[in-house]
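Trainee: Got a minute to go through this one with me? Let's pull it up.

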Amino acid sequence: MRFADARARAPGLVAEPVDRAADSRALKALALWMERWSPSLALAEDDSLLIDTSGAAHLFGGEPEMLADMAQRLEQGGLSCRLGLAPTPGAAWALAHEGVSRVCLDEAGLRDGLARLPISGLRLSEETLVLLRRFGLTRIGQLYDIDRRALARRFHSRAAAEAVLVRLDQALGLRQEPVDPIRPKPDHCVRLPCVEALLHLDGVKAGLERLAPELCARLQEHGEGARRFRLAAFRCDQSVVQLVVAAARPVNDPAHILRLFRDRLERIDPGFGIEILELEAAGTGVIRPMPRGFGGDFEGDETDMEALSLLADRITARIGDRVVKILRPVASHWPERSEVVENYEGRLPVWDQPAPAGQAERPIRLFERPESLQVIAEIPHGPPMRFVWRRQVHQVRFAAGPERLSPEWWRPVQGPARARDYYRVEDGEGRRFWVFREGLYGDGRGGPPAWFIHGLFA
Amino acid sequence: MISGSVHHSSDPASDLAFPFGLGRSGLHELAEARYGDFPALTGLALAALRDAGRGGACLWVIQKTLAAEHGRPCGGGLGHAGVNPGQLLLVEARTRMDALRAVEEGARATDLAAVVAELDDMDFTAARRLVLASQASRTPVILLFPHTRSGATAAQGRWRVSSRHSQPDTADLRAPGRPAWRVELEKSRLQPGEAGRIFDLEFRDEAPCLRLASGLAARPSAPQPRRVTPFRPHAWKPRWQQAG
């Protein structure tokens, strides 16, 4: 029926465009909230959620009670739902889509329970369903007694026949069905159901102060610490707010975890009230005492590594993830590759001192990528006499060099690899620059050499 | 030419002489004299840290806009300046507010050698907060600002730094020599009378690495006319001959 016809019959009809992306986002948000019943959830179709409730039902007084609880809470939020519970994902899907809502099937009743459902409960394509109906097969139970090879022969394509058998086996539990959960299971998890919904941040804070020591006690039992902590607040309006904090090294100190959450806690909006608080630990690892001081060639290396990583965590908690970095040396003479800026992971790099023999002084500030210069040089292979950088003319007073660096031929590079001649120059105002000429005249690797500035000296 | 010597001890009295506690305690500001003096600030901060000789890691906060303009600290260069780049913790902050938060956390930590931050500007309240945090933890804080920095500050001092011609290398007369800077103490809370004084500094590899290239620091603050002794090669005698 077209929309015009429909509106002719019901003048009050309102039309809205379908927004699949928003639907999918809403379903995912709902899925996070459904974790209050079980931590293992998967998105089954555009409109279905699959919850693995193995071992969780008894917490809610049994399977029928759990389904009733779910239905009641979803209806409170104005969501209509169809629930089905069965030993296999396929059977649960069939029950939810084709059966009476809130049916529970156990292992024994699985075969009989599914027998009366229409074949559209088997998650088959539309063409296959049409074909099956043409054979007069409308109920799942009718498929049980048909010889499998005979069934396969009736389909023109083998894939379609396979699909029917696979889906049937999956529904009956004769074949395993992999489930792709939306989130990996946390390593450790503690939760605090609130007797009365929390309406203020003070309550959330108090709850966190109870959860953190509990979680840490559990971590300490295993002799572990964790690097990621997630606080989830399940609100009464079918939504979840979550906060994630990360640590540079595994930690299991409640005070530190509270400190990391402290500045972010205000981002939690209690809304109409928070029913459950949950704190999870992920990325667990064994806590090893750090050696104090690496005994490098520098004096005063007595850095307290633990205090440093706690400081990095506090900064990360206040500013954002991946802001604390280190400079790690790399065995390469090529300036762009000789050191990398890396995320700090609780360890400081070890630098060899002094610098490799024969290496000229390096600048104190380095540009991420060299900037182009216009240069006048006295002789083609000599240092610059005058150069223009950022529209300013610099007259060179002193120059040292060249330090010739050949490209690393063992690495793939784009374009012709040209050697660089680095010079340390000082201009008329006493500023010192690290400039280089890429290539030589007549080296047969492209046009005339180009000049760049790569760094600044103190 | 060189008559000044800089005393190095940990007692607070030495903060009354050059470099007035820079890198040793409290909050200090280094500002560019003109656009392009940022590497000079970096070098001076590193030299002050090395002279202070506090062990431990150094927190270096960078506001990303400045890093794009002046480049990031280079580990190889730090090593040449005598500071262990392995003990450096870099924080890349997107905004000034983020950078200030990181500096405050660092200033509160007790076991850092120092906190160095590159910021585009800062208001008085933020500076006061940092001063209090730094005093409580005894962690020195050095802030590097572009040349636009002006106005009142709660910091212990503000230095205007510019690059200065280096003395040519003795081994190669065409090569630039050791880094040299001209530093003006623009504001000082510890020694307000010293404000406005200019120090010509030179960096050298041995300790202490900050050397006054002019004798101003050893003298009292009252300006004295500089006596210029003309160079007379024939009047010069070696010291042992003078004594005899």
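Trainee: What is the mean pLDDT of chain A?
Mentor: Chain A has a mean pLDDT (the predictor's confidence in each residue, from 0 to 100) of 87, and 95% of its residues reach 70 or more. Over residues 293-301 of chain A, though, the pLDDT is below 50. That stretch has 19 contacts in the model beyond near neighbours in sequence. A contact means C-beta atoms, placed from the backbone, within 7 Å.

Trainee: Any ground rules?
Mentor: This is a predicted model, where local features need pLDDT of at least 70, side-chain atom pairs count only at pLDDT 80 or more, and totals for chains, interfaces and linings use all residues. Residues are numbered from 1 along each chain as its sequence is written, with chains lettered from A and ligands numbered from 1 in the order written.

Trainee: How many residues does the contact take from each chain?
Mentor: It takes 51 residues from chain A and 50 residues from chain B.

Trainee: Which element gives the most on the chain A side?
Mentor: α12(A), with eight residues. Helices here are DSSP runs of H or I, at least four residues, and strands are runs of E, at least two, numbered from the N terminus.

Trainee: And strand pairing across the chains?
Mentor: β11(A) pairs antiparallel with β3 (residues 72-73) of chain B, over two bridges. Pairing takes at least two DSSP bridges. Arg365(A) has Pro73(B) as its bridge partner in β3(B).

Trainee: New topic. Is α4 of chain A mostly covered or open?
Mentor: Mostly covered: eight of the 10 residues in α4(A), 89-98, are buried. Buried means 20 or more other C-beta atoms within 10 Å of the residue's own, all placed from the backbone. Trp93(A) and Leu95(A) are among them.

Key:
Contact = placed C-beta atoms within 7 Å. Buried ≥ 20, exposed ≤ 12 C-beta atoms within 10 Å, placed from the backbone.
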